[in-house]
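Here are a few exercises to work through with the model open in your viewer. Try each task before you read its solution.

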Number of protein chains: 2
Amino acid sequence: MSKAHLKTSRWMHGKFKCCGYRMTKPREAILDVLAGTQKHLSAEDIYLAVLKFYPNTGLTTVYRNLEMFVNIGMIVKFDFGEGRSKYELADQYSEKGHHHHLVCKTCYKVIDYSDFMKDEIHFLRSIENGLSQKYNFRITDHLIRFLGICEKCGKK
Amino acid sequence: MSKAHLKTSRWMHGKFKCCGYRMTKPREAILDVLAGTQKHLSAEDIYLAVLKFYPNTGLTTVYRNLEMFVNIGMIVKFDFGEGRSKYELADQYSEKGHHHHLVCKTCYKVIDYSDFMKDEIHFLRSIENGLSQKYNFRITDHLIRFLGICEKCGKK
DNA sequence: CTCCATATTGGTAATGATTTCCATTAACAA
DNA sequence: TTGTTAATGGAAATCATTACCAATATGGAG
């Protein structure tokens with residue numbers, strides 16, 4: 001966590017200054033929490049983790065900042081179907097790098113994978129061009145996800 | 001709508017009998033509503049449309065049946081990030097057939113596309129095999145979606 | 001065709017995640 | 001150090017979705 005902290009602080013300054021945002025303890029803590037885990041955390045998970053550093057943090061503040069981080073592209077928000085969103089550091093700020101998810105429809109377990117990225121690049125290139133022209137749409141992101149039954153749920 | 005209705009009724013009987021479900025007016029109406037549109041409807045959209053046929057239908061009933069239809073695979077539930085789910089007839093029951101979505105991050109407009117399905121099949125085949133073996137996961141579905149800014153939002 | 005067991009319904013009240021409001025506090029440029 | 005203004009946090013409000021439960025309707029058995 002401490003290493004993540006140092007790394008985090010570094011980009012924060014740069015990224016924040018140019019966006020006109022201020023650096024605050026809750027913001028720093030939110031990024032630290034996300035940088036210090038491989039898991040997919042909900043807003044409340046993050047709130048509880050942040051509380052350990054800054055005991056007066058409000059849940060509202062966590063939601064507000066998550067939204068802001070998502071807007072400036074530092075955090076990505078996911079919905080895996082559980083009824084609450086999960087958050088991850090964006091690829092370029094994360095040790096994970098570019099990856100996708102394998103989601104169990106039964107228990108909502110999420111497995112990150114980064115296999116087949118070569119095939120993906122090849123697959124996406126032509127499609128993105130084709131679609132953005134045909135539909136007059138500026139594509140900025142893609143979501144590729146596989147759904148099914150995880151090992152544990154498959155045995156029941 | 002009437003044509004859709006006839007078509008709907010036909011599969012309902014078969015599908016329902018073998019699952020042990022009963023055929024009811026709300027169920028028929030929900031399928032009819034979805035068969036009669038190309039749009040992505042929310043539970044409330046469907047509820048309001050169903051009310052026109054069966055004025056006493058309850059919103060609870062709509063939610064309950066949507067869940068059931070999703071479970072037996074006749075309807076697919078999507079979350080495009082608006083804060084409420086959208087529903088579509090499953091590919092095999094819909095005139096649309098297999099398709100994916102292009103979603104505007106700003107206004108949540110959704111464009112269906114079914115281009116590049118050949119490339120997709122080729123892309124998915126190896127990946128699904130690889131992932132399911134490596135992660136011991138039975139893949140039943142995939143989600144491919146492109147995100148960005150639609151034409152209208154791009155001009156602002 | 002009628003009856004019965006039980007699946008299904010629909011209204012209301014709960015739930016739970018996320019937002020709104022607003023008075024107080026803290027960042028940071030000058 | 002100070003002033004401007006972004007940011008905070010607590011409580012209350014929203015809003016989609018669920019849980020409950022008494023009343024009703026479906027479809028097979030007789």
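A residue counts as near a DNA strand if one of its heavy atoms lies within 4 Å of that strand. Keep in mind that this is a predicted model.

**Exercise 1.** Work out which elements supply at least two residues each of the surface near DNA strand D, and which gives the largest share.

Step 1: go through the helices. Helix H2 (25-35) and H4 of chain A, plus H4 of chain B, each supply at least two residues of that surface.

Step 2: pick the top contributor. H4(A) has the largest share, with 4 residues.

Step 3: look at the residues themselves. There are 20 around DNA strand D, and A:Arg27, A:Thr61, A:Arg64, B:Arg22 and B:Tyr63 come nearest. By class, the surface splits into 4 nonpolar, 10 polar and 6 charged residues.

**Exercise 2.** Find what part of DNA strand D the protein meets, then list some polar contacts to its phosphate oxygens.

Step 1: sort the DNA atoms within 4 Å of the protein. Sugar or phosphate accounts for 69% of them, and bases make up the rest.

Step 2: check some distances. The side chain of B:Tyr63 puts an N or O atom 2.4 Å from a phosphate oxygen of DNA strand D. For A:Thr61, a polar side-chain atom sits 2.8 Å from a phosphate oxygen. B:Met23 uses a polar backbone atom instead, 2.9 Å from a phosphate oxygen.

**Exercise 3.** Now do DNA strand C: which elements and residues surround it?

Step 1: elements. Helix H4 (59-71) of chain A, along with helix H2 (25-35) and helix H4 (59-71) of chain B, each give at least two residues. H4(B) has the largest share, 4 residues.

Step 2: residues. 19 surround the strand, the closest being A:Tyr63, B:Thr24, B:Arg27, B:Thr61 and B:Arg64. Of the DNA strand C atoms within 4 Å of the protein, 64% are sugar and phosphate.

Step 3: contacts. A:Arg22 goes for a base: one of its polar side-chain atoms is 3.1 Å from a base nitrogen of DNA strand C. Phosphate oxygens of this strand are met by backbone atoms of A:Met23, at 3.0 Å, and of B:Gly58, at 3.2 Å.

**Exercise 4.** Describe the interface of chain B and chain A, starting from its area.

Step 1: size. About 3400 Å² is buried between the two chains, 69% of it on carbon and sulfur atoms. In chain B, B:Phe123, B:Phe137 and B:Phe146 lose the most area, together 20% of what that side buries. Each chain brings 37 residues to the contact.

Step 2: polar pairs. The interface holds 18 residue pairs in polar contact and 4 salt bridges. One of the salt bridges links A:Asp115 to B:Lys134, with the closest N and O atoms 2.5 Å apart.

Step 3: elements. Strand E4 (100-104), strand E5 (110-113), helix H5 (117-135) and strand E6 (138-149) of chain B each give two or more residues to the side that touches chain A. E6(B) gives the most, 12 residues.

Step 4: strand pairing. Strand E6 (residues 138-149) of chain A runs antiparallel to E6(B), and 11 bridges join the two. In this pairing, A:His142 has B:Phe146 as its bridge partner. For background, strands of a sheet pair through backbone hydrogen bonds.

Technical notes:
Residues numbered from 1 in each chain as written. Chains lettered and ligands numbered in written order. Predicted model: local features only at pLDDT ≥ 70, side-chain atom pairs only at ≥ 80, totals over all residues. Heavy atoms only, no water. Contact = heavy atoms within 4.5 Å. Buried area = accessible area lost by both parts, 1.4 Å probe. Salt bridge = Lys/Arg side-chain N within 4 Å of Asp/Glu carboxyl O. Polar contact = N/O pair within 3.5 Å; in protein donor to acceptor, adjacent residues only side chain to side chain. Pairing = 2+ DSSP bridges. Nonpolar A, V, L, I, M, F, W, Y, C, P; charged D, E, K, R; others polar.
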